[in-house]
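Visitor: Please take one part of this model and go through it closely, giving the cut-off behind each term as you use it. I would like to follow a single helix and its packing partner, and then the neighbouring stretch of the chain.

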Amino acid sequence: MATKKTARASAGPVAKAAKAKINSSLSDDAKIGLLEEMIRIRRFEERSLRAYQQGKIGGFLHLYIGQESVAVGSLSVLGENDHFITAYRDHGHALACGMTMNECMAELYGKVTGCSRGKGGSMHFFAPDKNYWGGHGIVAGQTPLGLGLAYALKYNNIEGVALCYLGDGAVNQGVFHESLNLAALWDIPVIYIIENNGYSMGTSEARSSKFTGSLAKRAEGYDMAWESVVANHIYVVREATDRHVRYAKETSKPVLLELKTYRYRGHSVADANSEKYRTKEEIQNYQDTMDPINVFRKTLIDEGVIDEDRVKQIEKSAKDEANAAAKFADESDFPSVDSITEDVYWETDNPDQRQSGGRMFFHS
Amino acid sequence: MREITYREAIKEALIEELERDDQVVIMGEEVAHYNGAYKVTEGLLDRFGDKRIVDTPISEAGFIGLGIGASMLGMRPVMELMFWSFSYVAFDQIVNNAAMVRYMSGGLINVPIVIRGPANGGTNVGATHSHTPENFIAYTPGLKVVCPSNAYDAKGLMKMAIRDNDPVYVMENTLLYGQTWEVPEEEYIIPLGKADVKREGSDLSIVAHGRSTITALEAATKLAEDGIEAEVVDLRSIRPLDIDTVLESVGKTNRVLLVDENKPFCGVSSQISHMIQLEAFDYLDAPIRRVTSIDSPAIYSDPLEKEQLPNPARVDKAARALLEEVSV
């Protein structure tokens, strides 16, 4: 997907994005903080992969490695009244919004100390206190939910937006199109972000979508604003997201934003044959020329904000934090058997306020 | 006491809850300008305006999903589906999102949404528009399902459903919309999960819900002409389920007939039957019998559809057969 040619082509937008107020006004510490968040996500993911290979984590594990600039960049421009929701590749968004590695890793381990008490797993992280309404497992299933979040903000006259992330595979689901139609029809300030990593599981964008250059162009059919950007530089992501967030707040209109990115690993760890549908060279080329962490590190060194020693410190500290999280998860308890039927109904979890009679659960 | 229709009773419930809580909105196909496909929401647009009463495109998955998202942020949307059959289009949203979000988040998020609309056969609309699958909803942990059999229950249960912090599916019945019952002027609510003995009797218990309750009552009136006194228990809600009231009735009559518009295989009556044999086996003087829909897609042809659904004649026949079982 990405070549040196596109890397050079993105140099223009990067320079322009760097000058945008949202980026140029960042303090050195804030810039370093963004790099640190991206590195933390990668180390977390690498550590979780190891735990998966050790059999400590079950189920699916959809790694975010390669896409870090998207979650960190886009979430970094949100204000306190803005909300967001995503699909099943949700670890990056979780850490970027301030969830701890401990609660995230423990959730992967299925432990009671996990963010969802061990009931959600990898695809289902939630932190409503951080305006994060979850990772959702069904492709495009979250797209009307994101619409509903933004609808509730508008209904209550709260100046805010909802970001709804989806993958490139989700653009071919019916409910995504229903959501775009409703968003445009009712002027709902939702920003759909297609994290286009080029592959819907093992099927490339070219083999799964009828399109001309941009998946976001589909928004034209709904008279909706759209843009596609190469998203491996965090300045570009921040500039584009910030501009669209302001537009959505000012106009109460939706946006479809495509952020072109890349994943290094398979669709999930179970997808061990990810080199069957793409070449080693393709992956290597992206890593060498486009890697969002390397690219931003170089920018910050060029800007004189950071030096290699500091980067190494950050990397070590992130690695230590990830190892500590794995230890925390390992040493945590599994949920109790009694908790299997907790969190199903509000009512049974709040028996002192229960108004219904009758039985809620049934045994064989 | 005044008499109003099932339709008017539901509308009154909606009006009272719209007035009580500004986070309640009504949404669905044709609910506003068209005044409701079944006129349940007639006049609401004029009264509450287009911010509270919202027409949607024909996009069940989209607007039900929107309602779920809005409810996660604290709203209390009441979503109308024109037919239960259309909820299949939104099933991913209902089952994977409305029902599961609370669990998957470890209890961090509530989904106080109401989904309502008619679910029934008997209107000659063929196989795709005649589904009565309350078992689908009741099967799914995280969802509640209410099936009111008359105007009084419909109003009181609907008000509770809207105030409930869990997702509630209210299954109405097109054949009941125009029928009238006594409904008091003053406000009242009916808790979910409380079955109601609609008719006292000593010879057998007929357990039903939704319109099957009306069918059972009609049959019971006829049976009484021959001196057979049937007790009719209306479940009112399937989840939560008030099985204790059923067991109490079985203890009194020792014979049970289940009337259920579901199909027989894996239907609501399958569960009720299991629970009775498990918890009241010693009370039974005869095997539990059932009258359900005949196990085929809904047929269009009118006389055959009437036969396919539980009807008073089939209930009558089953009740007499049950009484002929020799007691042990």
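Guide: Contact here means heavy atoms within 4.5 Å, and helices (H or I, at least four residues) and strands (E, at least two) are DSSP runs, numbered from the N terminus. This is a predicted model, in which local features need pLDDT of at least 70 and side-chain atom pairs count only at pLDDT 80 or more, while totals for chains, interfaces and linings use all residues. Residues are numbered from 1 along each chain as its sequence is written, chains are lettered from A and ligands numbered from 1 in the order in which they are written, and side-chain values use heavy atoms, with hydrogens and water left out.

The part to follow is helix α3 of chain B, residues 60-72, whose 13 residues should span 18 Å at 1.5 Å a residue, and the 18 Å between its end C-alpha atoms agrees with this; the expected span is 1.5 Å times one less than the number of residues. In α3(B), 13 of 13 residues are buried, where buried means under 20% relative accessible area with a 1.4 Å probe and protein chains only. After the helix comes G74(B), with a positive phi near 105°.

The partner is helix α8 of chain A, residues 143-155, whose axis comes within 6 Å of that of α3(B) and crosses it at roughly 55°; axes are lines fitted to C-alpha atoms, for helices over the stretch in contact, and angles run from 0 to 180 degrees between N-to-C directions. The two helices α8(A) and α3(B) are therefore oblique to each other, that is, outside the ranges under 35, over 145 and 65 to 115 degrees. Their crossing is right-handed, the near helix being turned clockwise from the far one by less than a right angle. Among the residues that meet there are L145(A), L149(A) and Y151(A) from α8(A), and G65(B), I68(B) and M72(B) from α3(B).

Further along chain B, strand β4 (residues 76-80) is joined by three bridges to β5(B), and the two run parallel; strands pair if DSSP finds at least two bridges between them. In that pairing E80(B) stands opposite R116(B). Strand β5(B), residues 114-118, also pairs in the parallel sense with β7(B), residues 168-172, over five bridges, where R116(B) stands opposite V170(B). Both faces of β5(B) are covered, with V114(B), R116(B) and P118(B) buried on one side and I115(B) and G117(B) buried on the other.

Methods: Buried < 20%, exposed > 50% of the residue type's maximum accessible area, 1.4 Å probe, protein only.
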